[in-house]
Amino acid sequence: MVAEPAVSIVNEDWAAEPTPKSEQPAVAETSKPVAEARPESSAKSRAGAYPAMEYYGDSWNTEHVRLNASATPAGTTTLNVDDAKFVMPSCGKVNSEFGMRGRSMHTGIDLKVELNDPVYCAFDGMVRMAKLYGAYGKVVVVRHSNGLETVYSHLNSIAVSVNQQLSAGDLIGGGGRTGNASGVHLHFETRFKGEPFNPRLLIDFENCRVKSPTLVLSEESYKLVGKTLQAPTPQQKTAATTTTDTTTSTHTIQKGDTLYSLARRYGTTVDALRKLNGLTENSIIKPGQKLRLR
Ligand SMILES: [Zn+2]
């Protein structure tokens, strides 16, 4: 396999805005060798403290988004996804897809947010990195127990700190445009072993839910771009039958849904949902019922 040119992974949003803001250190992610020795040695004394050590050993890099030995993970890995506890980081519409953007690689998906809109942690996990970081601006990286990492970038403010344990739905920070961002948005990445893959493999952005309780990552997964991804796995097909709407404007009530959980998932409020749907405080929502979201 040919090693990916280092620069191809770096330029988050640079194509959109090639001139770094003057107050930002224009430090490319791979402009210097990533030294993991220091964090690793300190991690050893606390072996077992970090999530997914079966994939990462006891290395715990709090300095860089990408990991020292990052390369497309070989073979196929099947990961269980905690779909029951998933919370959409932000339910704005997708403004930019994962994939090549001009000559550089866009390593995540851009979601529409307004300045200081809350950004939520997608799954339970531990904060691996939380700081101002070159083109990413204020960025938070969370490692989850299944080995996945989620990345929340261009934040205006960070509400968490390194090594903090988070639950799905905990506040990560406020949306912004720090780093190389052409406007306020959330740049959201999904990574495994340091390598970004198309977040659409994991998340159904139009319905704000996990695509399938099982995620299969092969070497091809890291190259899949745009909306058109591989044929769904049997599990995904099963999941698709429970999917409600192809638009983001309505939600069909599932067992276990509450107005509170829906408001959180879709980035709205219980009051707003009640108003839109003519519900009172005493109204009961039933599975199969359709709710307007906006
Ligand atoms: Zn982006």
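Here's a quick briefing on a small sheet, two unusual backbone angles, a long-range pair and the nonpolar cores. Keep in mind that this is a predicted model. The largest nonpolar core has 41 residues, and a second, separate core has eight. Elsewhere, three strands make up an open antiparallel sheet.

**The three-stranded sheet**
- The strand order is β6-β12-β10, with antiparallel pairing.
- β6 (118-120) and β10 (157-158) sit at the edges with a single partner strand each, so one side of each has no neighbour in the sheet.
- Three bridges link β6 to β12 (residues 171-174), again in the antiparallel sense.
- If you want a register check, look for Val-119 opposite Gly-173 in β12.
- As a bit of background, strands of a sheet pair through backbone hydrogen bonds, either parallel or antiparallel.

**Positive phi without glycine**
- Asn-116 isn't a glycine, yet its phi is positive at about 70°.
- You'll find Asn-116 in the loop between β5 (109-112) and β6.
- Asn-116 is partly exposed, because 14 other C-beta atoms lie within 10 Å, which falls between the cut-offs of 12 or fewer for exposed and 20 or more for buried.
- Cys-208 is another non-glycine residue with a positive phi, near 55°.
- Cys-208 also belongs to a loop, the one between β15 (203-204) and β16 (209-210).
- Cys-208 counts as buried, because it has 21 C-beta neighbours inside 10 Å.

**Arg-66 and a long-range pair**
- Arg-66 is in the loop between α2 (53-56) and β1 (77-80).
- Despite being in a loop, Arg-66 counts as buried, with 20 C-beta neighbours inside 10 Å.
- Arg-66 and Glu-195 are 129 residues apart along the chain, but their C-alpha atoms are separated by 7.0 Å.

**Nonpolar cores**
- In soluble globular proteins, nonpolar side chains tend to be buried together.
- Within the 41-residue core, the residues touching the most other members are Val-65, Cys-121, Val-139, Val-140, Val-141, Val-142 and Tyr-152.
- Elements giving two or more residues to this core include β5, β6, β7 (125-132) and β8 (138-143); β9 (148-155), β13 (185-192) and β17 (214-217) do so too.
- Leaving out residues up to four places away in sequence, Val-141 touches Val-65, Arg-128, Met-129, Glu-149 and Val-151.
- The second, separate core of eight residues includes Met-88, Tyr-266 and Leu-291, along with Cys-208, the residue with phi near 55°.

Conventions
Residues numbered from 1 in each chain as written. Predicted model: local features only at pLDDT ≥ 70, side-chain atom pairs only at ≥ 80, totals over all residues. Pairing = 2+ DSSP bridges. Helix = DSSP H or I, 4+ residues; strand = E, 2+ residues; numbered from the N terminus. Core = buried A, V, L, I, M, F, W, Y, C linked by C-beta atoms within 7 Å. Contact = placed C-beta atoms within 7 Å.
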